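Please look over the structure shown here before turning to the notes that follow. The briefing is arranged by topic, for a reader who wants to check each point against the coordinates.

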Amino acid sequence: MKLDMESEYKRAIGKALVLVGHSDRTAYELTNRLIQNGFSEEIVQQVTEFLIDERYIDDNRYAQYYVVCYQGKRSVARIRRELLTKGIDKSIVDDVLCECDDAEAFDKALQKQLRKRNVRDISQADFATRKKIAEALYRQGFSTTLFQSYLTDRDIR
């Protein structure tokens, strides 16, 4: 029986290293993938603890990198939601996002949408273009009220 546990542990370590080798993962994601591959929860827990101890898995590092990658492309609320969905602890998410500015992210995303549509300023865009920009920003996680207040602040109707 002990031999079976050792061989399963070795197979689980091998599978986990392959998974982590392909892309960085959270402890939660790795745990789920190993369980989906048929490993027992006890073995999965041991493997996950080993990989955390050896720093193959680091949720804090993952969250920081995730924010760096998506900060100018997605809203802070969307990044928060996605990190929590990936099983990262709320305190880690709060720490990583404490310095993020949603207004700056909104401005970057808006400028990208304006460039994409060959418009210099939002006031030059017609209604249909403004609507498309608003929809694109909404899909990126920015609220429609943020876009409306942006237009109102610039006295654009």
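The notes below go from the whole chain to individual residues.

This is a predicted model, and its secondary structure consists of nine helices with zero strands. The radius of gyration is 22 Å, well over the 15 Å that the globule rule gives for 157 residues, so the chain is more spread out than a compact globule.

**Overall form**

- Followed along the sequence, the elements of the chain give the pattern α-α-α-α-α-α-α-α-α.
- When taken along the principal axes, the box filled by the C-alpha atoms of the chain is roughly 75 × 25 × 20 Å.
- Among contacts in the chain with a separation of 6 or more, 62% are accounted for by residues 24 or more positions apart.

**Surface and charge**

- The buried share of the chain is 38% of its 157 residues.
- About 10100 Å² of the chain is exposed, and 49% of this area is supplied by carbon and sulfur atoms.
- The chain carries 27 positive and 26 negative charges, and the mean positions of these two sets are 10 Å apart.

**Cysteines**

- Zero disulfides are found when the whole structure is searched.
- Cysteine 69 is partly exposed, because its relative accessibility is 29%, which falls between the 20% limit for buried and the 50% limit for exposed.
- Cysteine 98 has a relative accessible area of 57%, and therefore counts as exposed, the cut-off being over 50%.

**Phenylalanine 147 and arginine 130**

- Phenylalanine 147 belongs to helix H9, which covers residues 144–153, and with a relative accessibility of 3% this residue is buried.
- Once neighbours within four places in sequence are left aside, the residues in contact with phenylalanine 147 are Phe106, Leu110, Ile122, Arg130, Ile133, Ala134 and Leu137.
- One of these contacts, phenylalanine 106, is 41 residues away from phenylalanine 147 along the chain, and the C-alpha atoms of the two are separated by 8.7 Å.
- Another of the residues in contact with phenylalanine 147 is arginine 130, which is part of helix H8, residues 127–139.
- Although arginine counts as a positive charge here, arginine 130 is classed as buried, with a relative accessibility of 10%.
- Between arginine 130 and leucine 84, which are 46 residues apart along the chain, the separation of the C-alpha atoms is 32 Å.

**Loop residues with positive phi**

- Arginine 55 sits in the loop that runs between helix H3 (41–53) and helix H4 (59–70), and its phi is near 65°, a positive value in a residue other than glycine.
- The relative accessibility of arginine 55 is 52%, so this residue counts as exposed.
- Asparagine 118 is placed in the loop between helix H7 (102–116) and H8, and this residue, which is not a glycine, has a positive phi of about 55°.
- With a relative accessible area of 74%, asparagine 118 is likewise classed as exposed.

**Residues in the N-terminal helices**

- Methionine 5 is located in helix H1, residues 2–22, and is partly exposed at a relative accessible area of 27%.
- Apart from neighbours within four places in sequence, methionine 5 is in contact with Glu42 and Ile43.
- The C-alpha atoms of methionine 5 and tyrosine 28 are separated by 22 Å, the two residues being 23 residues apart along the chain.
- Arginine 33 is located in helix H2, residues 27–36, and with a relative accessibility of 32% this residue is partly exposed.
- Apart from neighbours within four places in sequence, the contacts of arginine 33 are with Leu19 and Arg25.
- Arginine 33 and valine 44 are 11 residues apart along the chain, and their C-alpha atoms are separated by 9.5 Å.

Note on methods:
Residues are numbered from 1 along each chain as its sequence is written. This is a predicted model: local features need pLDDT of at least 70, side-chain atom pairs count only at pLDDT 80 or more; totals for chains, interfaces and linings use all residues. Side-chain values use heavy atoms; hydrogens and water are left out. A disulfide is a pair of cysteine sulfur atoms within 2.5 Å. Buried means under 20% relative accessible area, exposed over 50%, partly exposed in between (1.4 Å probe, protein chains only). Helices (H or I, at least four residues) and strands (E, at least two) are DSSP runs, numbered from the N terminus. The radius of gyration is taken over C-alpha atoms; the globule rule is 2.2 Å times the number of residues to the power 0.38. Contact means heavy atoms within 4.5 Å. Accessible areas come from the Shrake-Rupley method with a 1.4 Å probe; for residues, only the protein chains shown count as cover. The place of a charge is taken as NZ of Lys, CZ of Arg, CG of Asp or CD of Glu.
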